[in-house]
Amino acid sequence: MLGHAARWALISLAGANVATGALVACILVSIVVAPVVDRLHLPFAALGFSAVVSMMPGFFLFEAASAMVELVSLGPHAPVTLLMSIAANGATAFLVILAMTFGLILPRMLLEHFLTPTV
């Protein structure tokens, strides 16, 4: 819930883009979930991903797919704005997924590296 609130606050109040909101939210989730899964001996991927799965960019993927179907139906008569819409929605979806991936994995790896005692 903290991650979703942070994402909403960044996008709505601070004017950040969707990918930045997802990155910060996933970093927060990872920082909170990492000690919990270590303490309770639970799989990090299960708890971490389930906490952020609703941030997946389905809207942008469906918009890109819809524009691709329209592109195929219009053929060579398709306007340039349709191609720009496909590229923008596809790039946004890719960046959100990339931000979510790094936001979940990097804090976990850093916490594991710095908090694990070396013998």
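pLDDT is the predictor's confidence in each residue, on a scale from 0 to 100. Keep that in mind here, since this is a predicted model. Across the protein the mean pLDDT is 90, and 97% of the residues reach 70 or more. Among the elements, H1 has the lowest mean, at 87, while helix H4 (residues 58-74) has the highest, at 95. Where pLDDT is low, the predicted coordinates should not be read in detail.

Let's start at H1. This helix covers residues 2-13, and Arg-7 sits in it. Arg-7 counts as partly exposed because its relative accessibility is 23%, and the buried class is kept for values under 20%. What does Arg-7 touch beyond its neighbours within four places in sequence? The partners are Val-18, Gly-21, Ala-22, Ala-25 and Met-55. Gly-21 is worth a closer look: 14 residues separate Arg-7 from Gly-21 along the chain, yet their C-alpha atoms are 4.5 Å apart.

Move on along the chain and you reach the loop between H1 and H2, where you'll find Ala-14. With a relative accessible area of 57%, Ala-14 is exposed, because anything over 50% falls in that class. If you want a sense of distance, try Phe-62: it lies 48 residues from Ala-14 along the chain, and the two C-alpha atoms are 26 Å apart.

Now for the helix pair. Two packed helices are described by the angle between their axes and the distance between the axes. Helix H2 (residues 18-40) and helix H5 (residues 80-115) have axes that come within 7 Å and cross at roughly 30°. So H2 runs roughly parallel to H5, because angles under 35 degrees count that way. As for handedness, H2 and H5 make a right-handed crossing.

Which residues of H2 and H5 make the contact? On the H2 side they include Val-18, Ala-22, Cys-26, Ser-30, Ala-34 and Asp-38. From H5 come, among them, Leu-95, Ala-99, Gly-103, Pro-107, Arg-108 and Leu-111. Sorted by class, the H2–H5 contact holds 17 nonpolar, 2 polar and 2 charged residues. You've already met two of the H2 names: Val-18 and Ala-22 are also among the contacts of Arg-7.

One last stop comes after H2. His-41 lies in the loop between H2 and helix H3 (44-52). Check its backbone: phi is near 55°, a positive value in a residue other than glycine. Is His-41 buried or exposed? His-41 is exposed, given its relative accessible area of 71%.

Key:
Residues are numbered from 1 along each chain as its sequence is written. This is a predicted model: local features need pLDDT of at least 70, side-chain atom pairs count only at pLDDT 80 or more; totals for chains, interfaces and linings use all residues. Side-chain values use heavy atoms; hydrogens and water are left out. Axes are lines fitted to C-alpha atoms, for helices over the stretch in contact, and angles run from 0 to 180 degrees between N-to-C directions. Helices (H or I, at least four residues) and strands (E, at least two) are DSSP runs, numbered from the N terminus. Angles under 35 degrees count as roughly parallel, over 145 as roughly antiparallel, 65 to 115 as roughly perpendicular and the rest as oblique. A crossing is left-handed if the near helix is turned anticlockwise from the far one by less than a right angle, and right-handed if clockwise. Contact means heavy atoms within 4.5 Å. Ala, Val, Leu, Ile, Met, Phe, Trp, Tyr, Cys and Pro count as nonpolar, Asp, Glu, Lys and Arg as charged, and the others, Gly among them, as polar. Buried means under 20% relative accessible area, exposed over 50%, partly exposed in between (1.4 Å probe, protein chains only).
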